[in-house]
Protein chains: 2
Amino acid sequence: MAATIKEVASQAKVSIATVSRALNNDPRVTKETHHKILTIAKKLNYKPNELARNFVRQKSNLIGLILPEISDEFFTEVIKGVDEVLYNYGYYTLVASSHKYKSLRDEIIAFTNNRLLAGLILLAPDLKLTVEEVLLKSKIPIVLINSDPNQQKFDRIALDNFEGAYEMTKYLIETKGYNNLAFLTGPSNNIDAGMREKGFVEACRKYNTGYSIEPGDFTKESGFKGCKNLLLRENRPRAIFAGNDMMAIGCYDYIWKTGMKIPEEVAIAGFDDIFVSQYLSPSLTTVRIQIEEIGKHAADTLIQRINNDSDSPKVVFKASSELVIRESC
Amino acid sequence: MAATIKEVASQAKVSIATVSRALNNDPRVTKETHHKILTIAKKLNYKPNELARNFVRQKSNLIGLILPEISDEFFTEVIKGVDEVLYNYGYYTLVASSHKYKSLRDEIIAFTNNRLLAGLILLAPDLKLTVEEVLLKSKIPIVLINSDPNQQKFDRIALDNFEGAYEMTKYLIETKGYNNLAFLTGPSNNIDAGMREKGFVEACRKYNTGYSIEPGDFTKESGFKGCKNLLLRENRPRAIFAGNDMMAIGCYDYIWKTGMKIPEEVAIAGFDDIFVSQYLSPSLTTVRIQIEEIGKHAADTLIQRINNDSDSPKVVFKASSELVIRESC
DNA sequence: ATGTAAAATGTAAACGTTTACATTTAACTA
DNA sequence: TAGTTAAATGTAAACGTTTACATTTTACAT
């Protein structure tokens, strides 16, 4: 079967220890020996058995990346950013969407205890206490993306949801002169959603503007329904700020159906700047976040933790947000 | 540190062999022993060391998934499908985009030789011979997505590019009555692109319709440029069939700029049915493929190969395509 | 040449499981 | 009750590396 270190050693007429050293670039082996070993290894098409390596080193070169679901554009960007950085550090990325048949809690328990992974990146917009308790017991470093802003116990990479929502709301009120605003929220336990709502509310208060809140769950359908509810009220809002672009699209769908005009009759704003947003008619005014940066930062932070296991203070990184002004407001 | 099988054994007053058997549900251990061991394992929060397991079994529970790039909507769906199936079989998905600093060939060599993976799914729309040669030497099962249709040496899961393009072209000619068509191709070595072009050409010939081919590379920008070239000709096409939706969007961009009308002056068709397509104005007529199915099939096929190592004939699965008729034609 | 220190290489244990084979225990049979 | 067989458990080797420690070789000073 596959060549092992033994065969390389025997052909090179050295011990396996020397082969091991040569392959790991230990400065103690002479140039000639090193060269001879590499030549023979190549000839035999020998590649170290990573399974054995990871095992004996008691440390794997695998990083887990748990995502709530992996269909979303957002998550794709995260995967890409994470993978790119990790790969350059010699680690592989193991992705897992939260699987139907297993709770997130169980999945985390498995991942943090089975020694398969050197670290874990967890994208958890709705981190629950039962999960947190499990994370605290973890034997491997963990970096959180997007969890509770009050969370001090873990390294955390976050979107600047509050700031983004605040700025957008300010824009709607101050620059565009809308009063009577409405906000479509995300799922009630989703922390991104909560922070966005907070930013919205705070700006409305600051600028003394009337507002209302309509529940949603980040899906297109809930955007449709929420928009309908809002526009059927007697005191209908002049502008609807959807908690994410997908719900904004749901708003478009409903508004198109009624024949109303965006932004003349209702203005719509979103959050995320997904690809489709620039191609809607009218194009959607929204908040953009550098998502790939988040993935990269998460990976970088995790590698730091893995390498210097130090209990240095937990890191918090906030990806800044940026208003993307288009035609829908 | 973490509990090992030894501690469980000593607390349960049995040998580690019995513990191992109990954990693997070997029918030879009595109910009582089994129960006792599981109880103690739970108490100690013992989880088998997967690295040791994989090592001693000489077989990992990791499947590699190599993607040309992972930002695309297409690839996301593939990942999702693959992950879902693999997880239910007890395998984890290790994703790797083709990394800047390493050639695909080297990456495959590493993955197929380092014993880290039990199998490999390779999405390679432009498989080269140098890569094929490496794959043939692989020590682990490999399933290809989307490679050369003449490829008989590997299990292969493919899109029905030819059929989809043929049907779309037929629709443009027969149903819509367009003559003078143009096709925007994908990258020259991309097999999907090649098959789509073939389907287009064959339908044009079959129905005796004039056509031209304009080069492209699947990017929005190349769609813009290709569209411009086509529309600036004296004999400009009545309909442009873009090799993928992204290039169709590029066409829209150019046409919008010129103020021409879709579909009254030029009709546009795409391929892929990415999310944005339904929201373009006018909405894009395109070809839809069940991408998630492809991922699932690839995973299923790979697991079959891993479990019954048989040299049964290579499998070819073709995901069927479906015309999505909207407003752009 | 001889001694000494440094450099290079070798030896063997260890990592935590699984599993072939050996042994003990339990369950019948006559 | 002893003998036989099947069931349950135990013993120890193996998997392919890395690495602490031991040994050999080399280089250099005397």
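**Figure 1. Chain A and its overall dimensions in the predicted model.** Chain A has a radius of gyration of 26 Å, whereas a compact globule of 329 residues would come out near 20 Å. Laid along its principal axes, the C-alpha trace spans about 90 × 40 × 35 Å. If you count secondary-structure elements in chain A, you get 12 helices and 12 strands. Half the chain is tucked in, so to speak: 50% of the 329 residues of chain A count as buried. Take the contacts in chain A with a separation of 6 or more, and 71% of them come from residues 24 or more positions apart.

**Figure 2. Chain A and chain B, copy on copy.** Turn chain A by 180 degrees, with 0.0 Å of shift along the axis, and it superposes on chain B with an RMSD of 0.0 Å. That is how a two-fold axis relates two copies. Both copies use the same surface, with 100% of the contact residues of chain A turning up again in chain B.

**Figure 3. Where chain A meets chain B.** Here 38 residues of chain A are in contact with 38 residues of chain B. On the chain A side, α4, α5 (73–88), β2 (92–97) and α6 (104–113) each put in at least two residues. Sorted by class, that side of chain A has 19 nonpolar, 12 polar and seven charged residues.

**Figure 4. Close-up of β2(A) and its two pairing partners, β1 of chain A and β2 of chain B.** Within chain A, strand β1 (residues 62–67) runs parallel to β2(A), and six bridges join them. In that pairing, I63(A) sits opposite T93(A). Across the chains, β2(A) pairs with strand β2 (residues 92–97) of chain B in the antiparallel sense, over three bridges. Look for L94(A) facing its counterpart L94(B) in β2(B), and for T93(A) standing opposite V95(B). T93(A) therefore makes a handy landmark for this view, as it has an opposite number in β1(A) and another in β2(B).

**Figure 5. The two faces of β2(A).** Y92(A), L94(A) and A96(A) point one way from the strand, while T93(A), V95(A) and S97(A) point the other way. Is β2(A) mostly covered or mostly open? Mostly covered: six of its six residues are buried.

**Figure 6. The protein surface around DNA strand D.** In this view, 27 residues surround DNA strand D, and the closest are I5(A), A17(A) and S20(A), plus V14(B) and A17(B) from the other chain. Both chains pitch in through helices: α2 (16–23) and α4 (50–57) of chain A, along with α2 (16–23) and α4 (50–57) of chain B, each supply at least two residues. By class, the surface has 14 nonpolar, nine polar and four charged residues.

**Figure 7. The protein surface around DNA strand C.** DNA strand C also has 27 residues around it, the closest being V14(A), A17(A), I5(B), A17(B) and S20(B). Helices α2 and α4 of chain A and α2 and α4 of chain B are the elements that give two or more residues here. The class split for this surface is 14 nonpolar, nine polar and four charged.

**Figure 8. N229(A) in helix α10.** You'll find N229(A) in helix α10 (residues 220–232) of chain A. Is N229(A) buried or partly exposed? N229(A) counts as partly exposed, because it has 17 C-beta neighbours inside 10 Å. E214(A) is 15 residues away along the chain, and its C-alpha atom is separated from that of N229(A) by 8.1 Å.

Notes:
Residues are numbered from 1 along each chain as its sequence is written. Chains are lettered from A and ligands numbered from 1 in the order in which they are written. This is a predicted model: local features need pLDDT of at least 70, side-chain atom pairs count only at pLDDT 80 or more; totals for chains, interfaces and linings use all residues. A residue is near a molecule or strand if its C-beta atom, placed from the backbone, lies within 6 Å of it. Helices (H or I, at least four residues) and strands (E, at least two) are DSSP runs, numbered from the N terminus. Ala, Val, Leu, Ile, Met, Phe, Trp, Tyr, Cys and Pro count as nonpolar, Asp, Glu, Lys and Arg as charged, and the others, Gly among them, as polar. Two residues are in contact if their C-beta atoms, placed from the backbone, lie within 7 Å. Two strands pair if DSSP finds at least two bridges between them. A residue is buried if 20 or more other C-beta atoms lie within 10 Å of its own, exposed if 12 or fewer, and partly exposed in between; C-beta atoms are placed from the backbone. The radius of gyration is taken over C-alpha atoms; the globule rule is 2.2 Å times the number of residues to the power 0.38. Copies are superposed by least squares on the C-alpha atoms of residues with pLDDT of at least 70 in both.
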